[in-house]
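Q: I am new to this structure and would like a close look at a single part of it, with enough of the surroundings to find my way. Please take one strand and follow what lies around it.

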Amino acid sequence: LFRSNIEDLLELRIIERDGHTANPCIARSSPAGALQGFDIVGRMRPLDHFLRARDLLVSLRTDHEAAARTFRWPELPAFNWVTDYFDVYAAGNRRPALVIVDDAGAAASLAFDELAERSRRVTRFLARLGVARGDRVLVMLSNVAPLWETLLGAARLGAVVIPATTQLTAADVADRLDRGEVRCAIVESAVTDRFPDDAAGL
């Protein structure tokens with residue numbers, strides 16, 4: 001069981017630049033699409049295109065027909081959800097981002113800034129392994145904090161995550177490694193015996 005504080009993320013709005021710097025200013029709880037951000041020459045930034053599209057879907061979440069009729073994917077030539085959105089919101093944010101409850105009922109919580117920092121460690125680790133943008137990373141973890149840290153860390157790097165349940169058989173794993181052209185695998189130690197011997201080179 002996990003809970004992501006999505007209500008917090010939905011409150012993020014980028015409204016202006018501070019002079020010529022890249023530091024965003026954050027406002028709270030504006031109507032969908034009411035606040036827009038612009039760069040120093042008056043163009044909407046990629047983040048604002050993302051927020052506008054997201055806000056439209058949120059506002060139409062109970063009207064599927066209207067959402068299908070009006071939604072258009074934003075054109076985002078350079079946008080990374082983790083670095084451009086999550087990291088901005090997480091900076092200095094001590095509110096809970098993730099709460100995981102184990103089978104015994106014990107809860108573990110990570111604040112936004114903690115989750116961001118831990119995921120940056122994963123990004124640096126993957127980069128040292130040679131993982132680059134577009135590389136496929138197989139993630140075979142149960143619902144533990146490292147799962148979410150890895151998802152964010154890989155996305156920050158631009159890697160493509162192939163999620164895999166820990167219930168996969170050895171044949172399932174071999175199939176995913178082959179068809180997914182996996183560059184790196186992050187798995188629980190308890191399931192490493194399901195990986196073929198030649199997977200040690202990943």
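A: The protein chain exposes about 11900 Å², and carbon and sulfur atoms supply 54% of that area. This is a predicted model, and the mean pLDDT of the protein chain is 81, with 77% of the residues reaching 70 or more. Some care is needed at the beginning of the chain, where pLDDT stays under 50 over residues 1-36, a stretch for which the model has 85 contacts beyond four places in sequence. Of the 202 residues of the protein chain, 36% count as buried, and the chain contains 7 helices and 8 strands. Among contacts between residues at least 6 apart in sequence, 60% join residues that are at least 24 apart.

The part chosen for the close look is strand E6, which covers residues 136-140. Because 4 of its 5 residues are buried, strand E6 is largely enclosed by the rest of the structure. Two other strands pair with E6, and each can be taken in turn. Strand E7, made of residues 160-163, is joined to E6 by 4 bridges, and the two run parallel. Strand E8, made of residues 182-187, is joined to E6 by 5 bridges, and this pair also runs parallel. Arg 136 is a useful residue to locate in both pairings, since its bridge partner in E7 is Val 160, while in E8 it stands opposite Val 182.

The connection from E6 to E7 can be followed as well: E6, helix H6 (residues 145-157) and E7 together make a right-handed β-α-β unit. Beyond E7, the loop between that strand and helix H7 (170-179) holds Ala 164. Ala 164 counts as buried because its relative accessibility is 9%, and buried here means under 20%. Leaving aside residues up to four places away in sequence, Ala 164 touches Leu 138, Val 139, Met 140 and Leu 141. The C-alpha atoms of Ala 164 and Leu 141 are separated by 7.5 Å, although the two residues are 23 residues apart along the chain.

Earlier in the sequence than E6 comes helix H5, which spans residues 112-128. Helix H5 has 17 residues and reaches 25 Å from its first C-alpha to its last, close to the 24 Å expected at 1.5 Å a residue. Its buried residues are Phe 112, Asp 113, Leu 115, Ala 116, Ser 119, Val 122, Thr 123 and Leu 126. An α-helix has 3.6 residues a turn, so residues three or four places apart point the same way. Just after H5, Gly 130 takes a positive phi of about 95°.

For a wider view of the chain, helix H2 (residues 46-59) has 14 residues and reaches 20 Å from its first C-alpha to its last, close to the 20 Å expected at 1.5 Å a residue. Leu 47, Asp 48, Phe 50, Leu 51, Ala 53, Arg 54 and Asp 55 are the buried residues of H2. Phe 50 can be related to Tyr 85, a residue of helix H4 (residues 81-90): their C-alpha atoms are separated by 9.4 Å, with their positions 35 residues apart along the chain. Tyr 85 is itself buried, with a relative accessible area of 2%.

Methods: Residues numbered from 1 in each chain as written. Predicted model: local features only at pLDDT ≥ 70, side-chain atom pairs only at ≥ 80, totals over all residues. Heavy atoms only, no water. Expected span 1.5 Å × (residues − 1). Buried < 20%, exposed > 50% of the residue type's maximum accessible area, 1.4 Å probe, protein only. Pairing = 2+ DSSP bridges. Right-handed = clockwise from strand over helix to strand, strands pointing away. Contact = heavy atoms within 4.5 Å. Areas by Shrake-Rupley, 256 points an atom, 1.4 Å probe, with all protein chains shown as cover. pLDDT = per-residue confidence, 0-100.
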